[in-house]
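Visitor: I am new to this structure and should like a close look at a single part of it. Please choose one strand with its surroundings, and explain how that part fits into the whole.

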Amino acid sequence: MLPVLRPGDWLWVRRGARVRAGDLVLARLPGNPSQLIVKRAAWPQGDGWWLESDNQRAGGRRDSWDFGAVPVVGRVVARYRPVLSLPVFFLAR
């Protein structure tokens with residue numbers, strides 16, 4: 001199975017978009033709000049979402065199992081490659 005995101009992918013994120021379980025979302029890392037993370041929304045909990053990594057066995061993974069539910073910045077609507085690589089456009093989900 002190929003990873004959803006690869007190094008060098010760029011993301012088109014819609015801020016404040018409605019989030020559903022299974023969507024890829026952008027959130028701020030708790031404890032370091034200057035760092036953004038992309039995770040899969042699992043379920044709503046309180047004022048935030050429970051976020052999970054696609055690969056739970058990956059070394060160094062950080063998700064809601066480590067820091068709990070977090071507010072979501074936006075929903076990933078597409079990923080694409082920069083002009084310098086192959087011009088490929090993929091819809092999220």
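Guide: Read from the beginning of the sequence, the protein follows the pattern β-β-β-β-α-β-β. It therefore contains one helix and six strands. The model is a predicted one, and its average pLDDT is 87, with 86% of the residues scoring at least 70. Confidence differs among the elements: strand β4 (residues 48-52) has the highest mean pLDDT, 96, while strand β6 (residues 89-91) has the lowest, 61. Where pLDDT is low, the predicted coordinates should not be read in detail.

The part I propose to examine is strand β5, which covers residues 72-80, together with what surrounds it. Strand β1 (10-15) is joined to β5 by six bridges, and the two run antiparallel. Within this pairing, arginine 14 stands opposite arginine 75 of β5. Strand β2, residues 24-29, also runs antiparallel to β5, and three bridges join these two strands. Here alanine 27 has valine 72 of β5 as its bridge partner.

How many of the six residues of β1 are buried? The number is zero, so β1 lies largely in the open. For the protein as a whole, buried residues make up 31% of the 93 residues.

Let us begin with the part of β5 that holds tyrosine 80. The structure holds three aromatic pairs. In one of them, tryptophan 10 and tyrosine 80 meet edge-to-face, with 5.8 Å from centre to centre and 75° between the planes. This pair links distant parts of the chain, since tryptophan 10 belongs to β1 and tyrosine 80 to β5, 70 residues apart. Tryptophan 10 has a relative accessible area of 45%, which lies between the limits of 20% and 50%, so it counts as partly exposed. Tyrosine 80, at 28% relative accessibility, is likewise partly exposed.

Aspartate 9 is found in the segment before β1, and its contacts reach tyrosine 80 of β5. Is aspartate 9 buried or exposed? Its relative accessible area is 14%, and because this is under 20%, aspartate 9 counts as buried. Leaving out residues up to four places away in sequence, aspartate 9 touches Val4, Arg79, Tyr80 and Arg81. With arginine 79 the contact is a polar one between the two side chains, at 3.2 Å. A polar atom of the aspartate 9 side chain also lies 2.9 Å from the backbone nitrogen of arginine 6.

We may now turn to the side of β5 that faces the pairing with β2. Arginine 28, in strand β2, is partly exposed, with a relative accessible area of 39%. When its neighbours within four places in sequence are set aside, arginine 28 is in contact with Pro33, Gln35, Leu36 and Val73. A polar atom of its side chain lies 3.0 Å from the backbone oxygen of proline 33. Arginine 28 and proline 71 are 43 residues apart in sequence, yet their C-alpha atoms are 7.8 Å apart in space.

Another aromatic group may be set beside the pair in β1 and β5. A pair of aromatic rings is described by the distance of the centres and the angle of the planes. For tryptophan 43 and tryptophan 50 these are 5.4 Å and 5°, and the pair is stacked. At 37% relative accessibility tryptophan 43 is partly exposed, whereas tryptophan 50, at 12%, is buried. Ring pairs link Trp43, Trp50 and Trp65 into a cluster.

Two figures for the whole protein complete the view. Of the contacts between residues at least 6 apart in sequence, 47% join residues at least 24 apart. The accessible surface comes to about 6,500 Å², and 57% of it belongs to carbon and sulfur atoms.

Technical notes
Residues numbered from 1 in each chain as written. Predicted model: local features only at pLDDT ≥ 70, side-chain atom pairs only at ≥ 80, totals over all residues. Heavy atoms only, no water. Helix = DSSP H or I, 4+ residues; strand = E, 2+ residues; numbered from the N terminus. Buried < 20%, exposed > 50% of the residue type's maximum accessible area, 1.4 Å probe, protein only. Polar contact = N/O pair within 3.5 Å; in protein donor to acceptor, adjacent residues only side chain to side chain. Contact = heavy atoms within 4.5 Å. Phe/Tyr/Trp six-rings, centres within 6.5 Å; stacked < 30°, edge-to-face > 60°. pLDDT = per-residue confidence, 0-100. Pairing = 2+ DSSP bridges. Areas by Shrake-Rupley, 256 points an atom, 1.4 Å probe, with all protein chains shown as cover.
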